[in-house]
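Work through the exercises below with the sequence and the model at hand. Each task is followed by a solution in steps.

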Amino acid sequence: MILGEGTEGALITELVFWTIALSTVVSAIAVVQIRDLFRASLFLIVTLLGVAGLFILLRAEFLAGVQLMIYVGAISVLIIFAILMTRDLEDGSTAHNFRIPVALVALILMGVSIYAISNTCLLYTSPSPRDGLLSRMPS
């Protein structure tokens, strides 16, 4: 008998399910209970990975892929990036010393963009009714 068939396969699947379910629930509780935002976001990643694992066990591989790409890949990275960028706001930021130079650079780039858009020759020709589907239809 090959391992993974029959009773052994059901036992392995059930063990994997309970492992993923328990880790998902524990990490979800940790997301709510931990006071450090960075660690809570790491537990959120574990929770979202657990949900993707449950989708795989349900044979919904597309949903698992979407869960991994959108939530684990994009949203979690965005949350961690936002936490790391706003962590030391009470200390102040040295970027405020460059307000005038940054504003000048932004105005110059805006002027260049407006000049480039206004001097670009955009040719738009609307299709004539003779070129449509009616001309291809047999009479």
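## Fold and confidence

Along the sequence, the chain of this predicted model reads α-α-α-α-α.

**Exercise 1.** State how many helices and strands the chain has, and find where confidence is lowest and where it is highest.

Solution.
- Step 1. Count the elements: there are five helices and zero strands.
- Step 2. Take the chain as a whole: its mean pLDDT is 83, and 78% of the residues reach 70 or more.
- Step 3. Go through the elements: helix H5 (residues 133–136) has the lowest confidence, at a mean of 54, while helix H2 (residues 37–57) has the highest, at 93.
- Step 4. Apply the general caution: predicted coordinates should not be read in detail where pLDDT is low.

**Exercise 2.** Describe the burial, the exposed surface and the sequence range of contacts for the chain.

Solution.
- Step 1. Burial: of the 139 residues in the chain, 14% are buried.
- Step 2. Surface: the chain exposes about 11800 Å², and 72% of this comes from carbon and sulfur atoms.
- Step 3. Contacts: consider those between residues at least 6 apart in sequence; 51% of them join residues at least 24 apart.

## Nonpolar patch and aromatic pair

**Exercise 3.** Which residues form the nonpolar patch on the surface, and which helix gives the most to it?

Solution.
- Step 1. List the members: the patch consists of Ile12, Val16, Phe17, Trp18 and Leu57.
- Step 2. Give its extent: together these residues have about 440 Å² of accessible area.
- Step 3. Assign the main contributor: helix H1 (residues 7–33) gives the most, with four residues. Ile12 is located in this helix, H1.
- Step 4. Check one member against the cut-off: a patch residue needs over 30% relative accessible area. Ile12 has 39% relative accessibility and counts as partly exposed.

**Exercise 4.** Classify the geometry of the aromatic pair and the exposure of Phe17 and Trp18.

Solution.
- Step 1. Find the pair: the structure holds one. Its partners are Phe17 and Trp18.
- Step 2. Read the geometry: the centres of Phe17 and Trp18 are 5.2 Å apart and the planes make an angle of 70°.
- Step 3. Classify: planes over 60 degrees apart count as edge-to-face, so the pair of Phe17 and Trp18, at 70°, is edge-to-face.
- Step 4. Add the exposure: Phe17 has a relative accessible area of 35% and is partly exposed, whereas Trp18 is exposed at 53%.

## Helix contacts and a loop residue

**Exercise 5.** Are Ser27 and Ser41 buried or exposed, and which residues do they touch beyond four places in sequence?

Solution.
- Step 1. Place them: Ser27 belongs to helix H1, and Ser41 to helix H2.
- Step 2. Apply the cut-off: buried means under 20% relative accessible area. Ser27 is therefore buried, at 3%, and Ser41 is buried too, at 6%.
- Step 3. List the contacts of Ser27, leaving aside neighbours within four places in sequence: Phe43, Val46 and Thr47.
- Step 4. Do the same for Ser41: it touches Ile79, Ile80 and Ile83, again not counting residues up to four places away.

**Exercise 6.** Give the sequence separation and the C-alpha distance of Leu37 and Ile79, and state the exposure of Leu37.

Solution.
- Step 1. Separation: Leu37 and Ile79 are 42 residues apart in sequence.
- Step 2. Distance: from C-alpha to C-alpha, Leu37 and Ile79 are 9.5 Å apart.
- Step 3. Exposure: Leu37 lies in helix H2 and is exposed, with a relative accessible area of 57%.

**Exercise 7.** Where is Arg59 found, and what is its phi?

Solution.
- Step 1. Location: Arg59 is in the loop between H2 and helix H3 (61–85).
- Step 2. Backbone: Arg59 is not a glycine, yet its phi is positive, at about 60°.
- Step 3. Exposure: Arg59 counts as exposed, at 71% relative accessibility.

Technical notes:
Residues numbered from 1 in each chain as written. Predicted model: local features only at pLDDT ≥ 70, side-chain atom pairs only at ≥ 80, totals over all residues. Heavy atoms only, no water. Phe/Tyr/Trp six-rings, centres within 6.5 Å; stacked < 30°, edge-to-face > 60°. Buried < 20%, exposed > 50% of the residue type's maximum accessible area, 1.4 Å probe, protein only. pLDDT = per-residue confidence, 0-100. Helix = DSSP H or I, 4+ residues; strand = E, 2+ residues; numbered from the N terminus. Patch = residues over 30% accessible without salt bridge, like charges linked within 9 Å, V, L, I, M, F, W, Y side chains within 5 Å. Areas by Shrake-Rupley, 256 points an atom, 1.4 Å probe, with all protein chains shown as cover. Salt bridge = Lys/Arg side-chain N within 4 Å of Asp/Glu carboxyl O. Contact = heavy atoms within 4.5 Å.
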